[in-house]
Structure formats: structure tokens, C-alpha cells
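Please open the structure in a viewer and keep the selection panel at hand. The stops below proceed from the ligand outward to the protein around it.

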Amino acid sequence: MLQLSLIACVDKKLGIGKGNDLIYTYKEDMEHFIKTTRGHIVIMGSETYLSLKRPLKDRLNIVLTSGNNKEVNERRKIDGKYLTDKTDILFVNSVEEVLRFIAKPRQKDRKAFVIGGESIYTQFLLFASELILTEVDDVRPADKYFPEFNWLKFEVVEERSLIENVTIKIYERKVDRHVETTIEELSASGVT
Ligand SMILES: NC(=O)c1ccc[n+]([C@@H]2O[C@H](COP(=O)([O-])OP(=O)(O)OC[C@H]3O[C@@H](n4cnc5c(N)ncnc54)[C@H](OP(=O)(O)O)[C@@H]3O)[C@@H](O)[C@H]2O)c1
């Protein structure tokens, strides 16, 4: 079965961002994020992409947009640096396109991580087999949130303290036939 993880840093109200920026940036959490995602596939919305200085290195960056690479990068106001010929960045126009891409047999050695923001977490939650949450025991003003999820459908399989008041928890989805069936159907849909 396809493994798809959502990875995020959340506060006690599931706040994740404000003004298209993060509300928490812990060095230790960044290290955890890099260690977890390096060598794999990261999936993000165009707003999160625009909030990054550059695509994340050593990972395939998949950026969701209703536009195209040129339009997104024009909003970024960079001078064509990432517009063409980059094999580590892929612009796509739908969730289905992402799911089909990561279900391809040739991607089987890479894990797929949804890295935000709010709209992307919300759309991919249904397909997530795992949630990797850095939980901050605090609340800050936010205008973007991680989606509420049904705790009963997940179990905590790992929990460790990162620094004081910050805990990493890994939630694994209990077997869900709907997710399995949807992914199997997409994989079998013939798109390679
Ligand atoms: N705490 C964390 O772990 C964390 C992680 C990541 C991000 N964040 C925060 O989250 C916030 C950004 O979240 P957001 O919800 O505003 O933006 P986002 O999810 O990063 O990006 C939204 C954009 O993605 C594109 N998009 C969304 N769904 C699509 C679909 N089905 N098909 C095609 N394109 C689609 C659209 O781009 P177009 O407008 O180009 O069409 C949309 O405007 C920021 O504050 C950021 O700092 C927090």
C-alpha cells in the first residue's frame, strides 16, 4: 500500500502559520524535518513553495498550483532560476495528479511527505497513512491550521520529546479500506 505522510509543526489549537510564514521555527524541528524527508518526495501548495527561499534540496519538490511553473515563479519574483530544466521540482494541477505520480512503480523507493500548507494538508488528510506532528505546548496567533482529524482513526506509534514543551508524535492510521481502495484504483488506472 502507498505510504503517504503528512508532516507539520502545530500548536495546541493546530495553528501552523500566519502571514504565509511559520509560527514556530525550532532548529531541532528543522533538523528532524530534513532528516525525515531528505531523499524523498515533498508535496506542497504554491503558497508554501513561495514562502521557501528555494526548493528543498535533495528532495523531489511537487508544487500544487492551478497555474504553471512560470506563473508561480513570477509571483516569487525570481529571475528564471527555477523556471526550466529542473528535475527536482514538478508543478502539478490536482491532488489526483500527485497521487498518480507517487503511486508509480518507479517511485516505490521514495516516501512521499505532504509538507503544507493548510489547504494541502486538508486535501491530503484522507489519503494519509501517517501523521508526523511536532506538537508545541503553546498557542500563538495563527491564520492557518492543520485540519482537525479523527483521533480514533489513528494510533500514536511513536512519541518523543524534542525540546522542552515540544513533542514529536507519529500517528499511524488504523487500517482504512477506503484509503486502500482509492489508492489501489489510482495505481491501477493505467497512468504511468
Ligand atoms: N507549521 C507547519 O508545519 C507548516 C508547514 C507548511 C506551511 N505552513 C504554513 O501554511 C501557510 C500556507 O498555507 P495555505 O493554505 O495558505 O497555502 P498552501 O496550501 O501552501 O498553498 C495553497 C495554494 O496551493 C494551490 N492549490 C491548493 N490546492 C490545489 C489543488 N487541488 N489543485 C491545484 N492547486 C492547488 C493553489 O495555488 P495557486 O494559487 O497557485 O493556484 C493555492 O492557492 C503558511 O502560513 C505557511 O507558513 C506551516
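Begin by selecting the ligand in this predicted model. The space that the ligand takes up is the largest pocket.

**The shell around the ligand**

Next, select the residues around the ligand, of which there are 28. Those that come nearest are Ser46, Thr48, Thr65, Ser66 and Gln123. Colour the shell by residue class: 13 of its residues are polar, 9 are nonpolar and 6 are charged.

Now switch to a cartoon representation and look for the elements that supply at least two shell residues each. Three of them are the strands E1 (4–10), E2 (15–18) and E3 (21–22). Strand E7 (112–116) also belongs to this group, as do helix H2 (46–51) and helix H5 (118–124). Which element gives the most to the shell? Helix H5 does, with 5 residues.

**Polar contacts of the ligand**

Display Gln123 in stick form: one of its polar side-chain atoms is 2.8 Å from a nitrogen atom of the ligand. Then select Lys144, where a polar side-chain atom is placed 3.3 Å from a ligand oxygen atom. At Glu47, show the backbone, since a polar backbone atom of this residue is 3.3 Å from an oxygen atom of the ligand. How much of the ligand's accessible area does the protein cover? Taken on its own, the ligand has 940 Å² of accessible area, and the protein covers 83% of it.

**An aromatic pair**

Select the aromatic rings next; a search of the whole structure yields 8 aromatic pairs. One to inspect is formed by Tyr49 and Phe91, whose rings are edge-to-face, 5.7 Å apart from centre to centre and with 90 degrees between their planes. Tyr49 belongs to helix H2 and Phe91 to strand E6 (residues 89–92), so this pair ties together parts that are 42 residues apart in sequence.

**Two backbone details**

Finally, display the backbone of the loop between E7 and H5, where Gly117 is found. The peptide bond from Gly116 to Gly117 is cis, and its omega is near 0 degrees. Move then to the loop between E2 and E3, which contains Asn20. Although Asn20 is not a glycine, its phi is positive, at about 55 degrees.

Definitions and conventions: Residues numbered from 1 in each chain as written. Predicted model: local features only at pLDDT ≥ 70, side-chain atom pairs only at ≥ 80, totals over all residues. Heavy atoms only, no water. Near = heavy atom within 4 Å. Polar contact = N/O pair within 3.5 Å; in protein donor to acceptor, adjacent residues only side chain to side chain. Areas by Shrake-Rupley, 256 points an atom, 1.4 Å probe, with all protein chains shown as cover. 1 Å grid on protein atoms, 1.4 Å probe; cavity = no way out; pocket = protein on both sides within 12 Å on 5 of 7 lines; lining within 4 Å. Sits in = over half its atoms within 2 Å of the grid points. Helix = DSSP H or I, 4+ residues; strand = E, 2+ residues; numbered from the N terminus. Nonpolar A, V, L, I, M, F, W, Y, C, P; charged D, E, K, R; others polar. Phe/Tyr/Trp six-rings, centres within 6.5 Å; stacked < 30°, edge-to-face > 60°.
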